[in-house]
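Biologist: I am new to this structure and would love a friendly tour. Could you walk me through it?

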Amino acid sequence: PFGKALQAIRDNETRARFVGVRVRRYRWLAFLVSGTFTGLAGILWVPLNGLVTPDILWWPFSGEIVFMTVLGGFRNFTGPIVGAVVFNYLKTYAVAYTTYWQLALGIVLVVLVLALPAGIVGAFSRAVAKLRQKRKQEAEETVT
């Protein structure tokens, strides 16, 4: 129920409120869960790296995480994982080939948001669904 309530709020807040979902309460709970996992990630960061430096607290570090999520797609669990892998490869090659790697990554982000608003995983899922639908229609045509 919690996930479905959040989906309803995401899709249409007014309709969710009309149906009886306590929008403010669910948003607060989602914020609480998000903050808890973010804090846990911060706690686990220190033993992994041995120290915390100011560059980790700088906003571009968090921006990279948002970039990974947008790149992969945020409507699916595997989206940010795929986005992280693709982002690390993009960053590695961009840094190796140009001194303006941040500009290159920014252009990739803008093009991605315009061309693939659901991210890589969302676009792949949509393409697979279309392919399955097309094969289903072809199978129905051959039967009749």
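Modeller: Here are some questions and answers about the fold and two of its helix contacts.

This is a predicted model, in which local features need pLDDT of at least 70, side-chain atom pairs count only at pLDDT 80 or more, and totals for chains, interfaces and linings use all residues. Residues are numbered from 1 along each chain as its sequence is written, and side-chain values use heavy atoms, with hydrogens and water left out.

Biologist: Which element has the lowest mean pLDDT?

Modeller: pLDDT is the predictor's confidence in each residue, from 0 to 100. The protein has a mean of 87, with 99% of its residues at 70 or more. Among the elements, helix 2 (residues 13–19) has the highest mean, 91, and the lowest, 76, belongs to helix 4 (residues 54–57).

Biologist: How many helices and strands does the protein have?

Modeller: Both are DSSP runs numbered from the N terminus: helices are H or I with at least four residues, strands are E with at least two. From the N terminus on, the elements read α-α-α-α-α-α-α-α. The count is eight helices and zero strands.

Biologist: What radius of gyration does the protein have?

Modeller: This radius is taken over C-alpha atoms, and the globule rule is 2.2 Å times the number of residues to the power 0.38. For a compact globule of 144 residues that gives a value near 15 Å, but the protein has 20 Å.

Biologist: How are helix 5 and helix 6 oriented to each other?

Modeller: Axes are lines fitted to C-alpha atoms, for helices over the stretch in contact, and angles run from 0 to 180 degrees between N-to-C directions. Helix 5 (residues 59–72) and helix 6 (residues 78–97) pack at about 115°, with axes 7 Å apart. Angles under 35 degrees count as roughly parallel, over 145 as roughly antiparallel, 65 to 115 as roughly perpendicular and the rest as oblique. Helix 5 and helix 6 are therefore roughly perpendicular.

Biologist: Which residues of helix 1 meet helix 3?

Modeller: The axes of helix 1 (residues 2–11) and helix 3 (residues 23–49) come within 10 Å and cross at roughly 115°. Contact means heavy atoms within 4.5 Å. On the helix 3 side, the partners are Val 23, Tyr 26, Arg 27, Leu 29 and Ala 30. The helix 1 residues that meet them are Phe 2, Ala 5, Leu 6 and Ile 9.
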